[in-house]
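Biologist: I should like to understand how the descriptive terms applied to a structure are justified. May I put some questions to you about this one?

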Amino acid sequence: MEAASRTFWSFDSLLLTCFTLVIFSNIIVDAEISDNKAIGRGLKADRLLYDRKEQDASSAAALLFNDNEKDIDIIATYSDASGTIRTSRVKMKDLSASWVLENPINGDPDKPKGSQVLKLKDSYQASKSTEENVEHLIDDPQLQEGEIQNHRRASWSPVKFKRQVLRQKRRDLRTAELVRQDKEADKQMQATAAIENLKNADTVVNGKYSIWRRDFENPNSDSTLKLMRDQIIMAKVYASIAKSKNQSVLYDSLLKHVRENLHVIGEANSDAELHPSSLDHAKAMGHALSIAKDELYDCRIVARKLRAMLLSTEDNVGSLRKRSTFLIQLAAKTVPRPLHCLPLQLAADYFIHGYQNKKDLNKEKLEDPSLYHYAIFSDNVLATSVVVNSTVLHAIEPEKHVFHIVTDKLNFAAMRMWFILNAPEKATVQVENIDDFKWLNSSYCSVLRQLESARVKDYYFKANHPSSLSVGSDHLKYRNPKYLSMLNHLRFYLPEVYPKLNKILFLDDDIVVQKDLTPLWDVDLQGMVNGAVETCKESFHRFDKYLNFTNPKIIENFDPNACGWAFGMNIFDLNEWRKRNITAIYHRWQDMNEDRTLWKLGTLPPGLITFYNLTYPLDRKWHVLGLGYDPALNQTEIENAAVIHYNGNYKPWLDLAVAKYKPYWSKYVTFDNYYLQLCNISE
């Protein structure tokens, strides 16, 4: 009995142990199946095979993934954590979408269709084998890149292919986002750097923007000065209001502060130039203005007073502008004392030492058309000497250069005396008196005839008329004595003055030559008479600036947009001039302008008309203009120019001259000359 009991107990223990092992094994299998479910739950396997050879496998796969069809039992073999090999039964639906059905090609025909065997293959492992195959195929030179790519993709499942596409899209989006962030970072760094540069910038202005006046002060350096000036304006307004309301105490107080502040400001143009007590005066003025505002402020009255002050200031500015224009013209045309002394001393010695009997040398060169001839018409001895000196200095063959200088009777002796004593090396200089041209008279010359008329004399000499300054202020520069001189119009008679010459280079007396000019004689003017540099830039210096296009005679014959050119350096073909009878054209238009309705006085407007469509444009490097009025010319253009021209009021021999342009002219003046030292002419 006891033995049977022991046997029964041993059997029960063995049965309990087996049951425990079965339960433990089921738990492990369930855990593995749960893992497979978790992996496959987010994906759907909808792979369709691409080759016709795999249509049967495709049909089988479609049946497997249809929830309404019968599921397939799969026996899975795996290793647990301890390394023991175990088996379990799972359903096809529990596998993840990364598993792919692989149908054997040409399966066994003896097997029934219901028991068809399918292979399951992990797509990860499949992709690894595919990569190996692709690497093997790359070695085949007959397999193209596109075929390799298609071969690789053909082995992917649809789910993997979709994941690959999405992954590529995410990469592209991330790349674009990184590029955008990088650009924004660069912009932010640049902005930060710019702000730092502004913070570190020195706001102190070194010097002034104007070369003549102390204007355009740094706005950050005169805040106290501006405050005091504004206070003075408001104090005058309130003082006027206080006077009208008989508040004499406040009126006197405001005027007292105005006088004190004006005294403190003085000639100051910045805070640094103010008196140390200026801030205290500004505070005192502020206190007085505060009291005046409390007692007198009325918006309409203050606005009316400020408007009246503005109008009065505008009238004063207009009057001062007219006066400034008149004074500039006067200063520009008045001969400085040293320059007035020079011709007097030269003329005196000319007659004292008997140079009037001296004959000109090299007369055969004066009419030789094979040489280089220059025409200079001037009454300024010093200016003419600079033109001749600078030309000869840069000439390659100075012995072939001939200068024809024509001056008036007043300066003939001085001009001739200068070039007798200071004759340029090897070059030939001829000085003539315009009064010796007997053919140049009022019966032949239109300008001489017009200058004798009463209307022209009134235009020039009605200085005692009370409204002469205001009426003629817009064209005050035309009331210039040079327009009364025939020297200014002699340029229109070059063939008559030099009948045996073929070409001649006309030069003004306010130019400086910086290069050899002989190539100008080789320029083909293409049948034109005048070779000159054009001065039009965009809409500037065109015909409508010089001529009156409201007159029908001007409108019918000329284009208002035609480009203007400049006198000062002009090469003239005298043979073509004679052939076209240019002087007659000049006379005809000059006669029509006797009443000055076609153009104002001067030589450029009739020159534009006379040589209209007869002017050949030269390269701009030959002639740079503007040194007599424009302080902002390009320095490189000036230095590279063959001729620089001080056209304008600021001539280089005057104190008005632009300081930075004056050395170009003064280096050709012989300041150690006896007569220049005698008349105190120095740099």
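Modeller: The answers below set computed values against the cut-offs behind each term, and the model is a predicted one.

Biologist: What makes the contact between Lys500 and Glu367 a salt bridge?

Modeller: The rule asks for a side-chain nitrogen of Lys or Arg within 4 Å of a carboxyl oxygen of Asp or Glu. The N to O distance between Lys500 and Glu367 is 3.3 Å, so the pair meets the rule. Lys500 lies in the loop between helix H17 (494-497) and strand S8 (503-507), while Glu367 lies in the loop between helix H11 (363-366) and strand S5 (372-377). The two are 133 residues apart, and the pair thus links distant parts of the chain.

Biologist: Why is Lys500 called exposed, and why is Glu367 called partly exposed?

Modeller: Exposed means over 50% relative accessible area, buried means under 20%, and partly exposed is in between. Lys500 has 55%, so the word exposed applies. Glu367 has 44%, so the word partly exposed applies.

Biologist: How do you know that Lys651 and Asp510 meet in a salt bridge, and where in the chain is each of them?

Modeller: Their N to O distance is 2.5 Å, which is within 4 Å and therefore satisfies the rule. Lys651 sits in the loop between strand S14 (643-645) and helix H24 (662-666), and Asp510 sits in the loop between S8 and strand S9 (511-513). This pair links distant parts of the chain, 141 residues apart. Lys651 is at 13% relative accessibility and Asp510 has a relative accessible area of 6%; both values are under 20%, so both residues count as buried.

Biologist: What separates Arg580 and Glu576 in helix H20?

Modeller: Being four residues apart in H20 (residues 574-580), they are separated by about one helical turn. Arg580 forms a salt bridge with Glu576, with the closest N and O atoms 3.1 Å apart. Arg580 is partly exposed at 39%, whereas Glu576 is buried at 14%.

Biologist: How many salt bridges does the rule give?

Modeller: The count comes to nine. Glu177, Arg180 and Glu184 are linked in a network of salt bridges.

Biologist: Why is helix H7 called roughly antiparallel to helix H8?

Modeller: H7 (residues 248-265) and H8 (residues 278-296) pack at an angle of about 155°, with their axes 10 Å apart. Angles over 145 degrees count as roughly antiparallel, so the term fits H7 and H8. H7 passes H8 in a left-handed crossing.

Biologist: Which residues meet where H7 and H8 pack?

Modeller: From H7 they include Leu250, Leu254 and Val258, and from H8 they include Ala284, Met285 and Leu289. By class, the contact has eleven nonpolar, four polar and two charged residues.

Biologist: What makes helix H13 mostly covered?

Modeller: Eight of the ten residues of H13 (residues 412-421) are buried. Among them are Phe412, Arg416 and Trp418. The buried residues of H13 pack against elements including helix H10 (337-352), strand S6 (401-407) and helix H25 (674-678).

Biologist: Is Glu683, in the segment after H25, buried or exposed?

Modeller: The relative accessible area of Glu683 is 75%, which is over 50%, so Glu683 is exposed. Glu683 touches Ser666 and Phe671, not counting residues up to four places away in sequence. The C-alpha atoms of Glu683 and Phe671 are separated by 7.5 Å.

How values were computed: Residues numbered from 1 in each chain as written. Predicted model: local features only at pLDDT ≥ 70, side-chain atom pairs only at ≥ 80, totals over all residues. Heavy atoms only, no water. Buried < 20%, exposed > 50% of the residue type's maximum accessible area, 1.4 Å probe, protein only. Axes fitted to C-alpha atoms, helices over the stretch in contact; angles between N-to-C directions. Parallel < 35°, antiparallel > 145°, perpendicular 65-115°, else oblique. Left-handed = near helix turned anticlockwise from the far one by under 90°. Contact = heavy atoms within 4.5 Å. Nonpolar A, V, L, I, M, F, W, Y, C, P; charged D, E, K, R; others polar.
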